[in-house]
Amino acid sequence: MNTMTIDGGAGGPVLLDAAELTSDPELGAHFAESAHGILAELVRAGAALGWVDPPSPHEVAELLDGVVRAARAGDAALRAAYVGRRLVGLGYWQRYARATHRPHADLEKLAVAAAAHGRGVGRALTAALITDARRAGIEVLTLDARGDNDNALHLYRSLGFTEYGRLPDFVAVGARRYDKVFHMLDLRR
């Protein structure tokens, strides 16, 4: 692993894109494993990431392989945040598959290791993904979040996303129900 590439030092996390992640074989080999560790830990703690039970290492590796393939085709962007040699967060967006929605993309996942919460990692990842979307010509970037995820909702609003809809009690986690909140950022402006 090239420490010059990923040593964020005191200045905060270094954000790598999909090409940078896969250009270093050692870094790429450990990325899915490290991402699995973050995602599984967060889901075990009740995080709103789309899983009720922690995903398997295979499931995470398969998911990330698909995102990397889509990024190579120009249909996605993936960002990984490192502090020193440690992965502390990741996020990605993907273009919508429907032909009439291709100018737009959905920010599908943003996850920051619990130990790095409150350090600006989520903000840095989201801002980088917005920049990537602008560069890719995305017109509208959407996302959805669980209604009780106040920190994430605040972050998205602070970066210019606006709420455009809400499905009451739509997200089911066991017997608990949460709103599904939809946000958008119009990048055409």
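Start with the aromatic rings: this predicted model holds two aromatic pairs. To see one of them, select Tyr156 and Phe161, whose rings meet edge-to-face, with 5.8 Å between the centres and 65° between the planes. Colour both residues by accessibility and you will find Tyr156 and Phe161 buried.

For the other pair, select Tyr164 and Phe182. Their rings are tilted, at 5.7 Å centre to centre and with 45° between the planes. Now show the strands: Tyr164 sits in strand S6 and Phe182 in strand S7, so this pair ties together parts that are 18 residues apart in sequence. Is each partner buried or partly exposed? Tyr164 is partly exposed, because its relative accessible area is 46%, whereas Phe182 has 18% and counts as buried, the cut-off being under 20%.

While strand S6 is on screen, pick out Asp169, which also belongs to that strand. Check its backbone: phi is near 50°, a positive value in a residue other than glycine. For background, most residues other than glycine have a negative phi.

**Into the pockets**

Next, switch on a pocket display. Rolling a probe the size of a water molecule over the atoms shows where empty space is left. The largest pocket has a volume of about 1300 Å³. Its lining counts 44 residues, and those to select for its centre are Ala48, Leu49, Leu110, Asn149 and Ala152, the closest to that point. Then colour the elements that each give two or more residues to this lining: helices H3 (25-44), H5 (121-135) and H6 (150-158), along with strands S4 (105-112), S5 (140-146), S6 (162-173) and S7 (176-186). If you colour by class instead, the lining shows 24 nonpolar, nine polar and eleven charged residues.

Move on to the second largest pocket, which encloses about 200 Å³. Here 15 residues make the lining, and Asp17, Ala18, Ala19, Ala71 and Ala76 lie nearest the centre. Helix H2 (18-23), helix H4 (57-72) and strand S2 (76-83) each supply two or more of the lining residues. Which element gives the most to this lining? It is S2, with four residues. By class, the lining divides into nine nonpolar, two polar and four charged residues.

**Along strand S2**

Stay with strand S2 and select Arg79, which lies in it. This arginine is buried, because its relative accessible area is 11% and the cut-off is under 20%. What does its side chain reach? One partner is Asp132, whose side chain is joined to that of Arg79 by a polar contact of 2.8 Å. Another is the backbone oxygen of Leu15, which the Arg79 side chain reaches at 3.4 Å. Expand the selection to residues in contact, leaving aside neighbours within four places in sequence, and you will pick up Leu15, Leu16, Asp17, Gly89, Leu90, Gly91, Leu125, Ala128, Leu129 and Asp132.

Now go to Val83, also in strand S2. With 34% relative accessibility, Val83 counts as partly exposed. Draw a distance from its C-alpha atom to that of Gly12: the two residues are 71 apart along the chain, and the atoms are separated by 6.8 Å. Beyond its neighbours within four places in sequence, Val83 is in contact with Pro13 and Val88.

**From Pro13 to helix H5**

Pro13 leads to another stop, Ala124, which touches Pro13 and Leu15 when residues up to four places away in sequence are not counted. Find Ala124 in helix H5; at 23% relative accessibility, this alanine counts as partly exposed. A line from C-alpha to C-alpha between Ala124 and Pro13 spans 8.0 Å, with their positions 111 residues apart in sequence.

**Last stop: a loop histidine**

Finish at His104, located in the loop between strand S3 (86-95) and S4. Is this histidine buried or exposed? His104 counts as buried, at 19% relative accessibility. Follow the side chain of His104 to the backbone nitrogen of Val140, which lies 3.3 Å away. Then select the contacts of His104 outside the four nearest places in sequence on either side: Arg95, Tyr96, Ile138, Glu139 and Val140.

Note on methods: Residues numbered from 1 in each chain as written. Predicted model: local features only at pLDDT ≥ 70, side-chain atom pairs only at ≥ 80, totals over all residues. Heavy atoms only, no water. 1 Å grid on protein atoms, 1.4 Å probe; cavity = no way out; pocket = protein on both sides within 12 Å on 5 of 7 lines; lining within 4 Å. Points joined across faces, edges and corners; volume = space filled by probe spheres on them. Nonpolar A, V, L, I, M, F, W, Y, C, P; charged D, E, K, R; others polar. Buried < 20%, exposed > 50% of the residue type's maximum accessible area, 1.4 Å probe, protein only. Polar contact = N/O pair within 3.5 Å; in protein donor to acceptor, adjacent residues only side chain to side chain. Contact = heavy atoms within 4.5 Å. Phe/Tyr/Trp six-rings, centres within 6.5 Å; stacked < 30°, edge-to-face > 60°.
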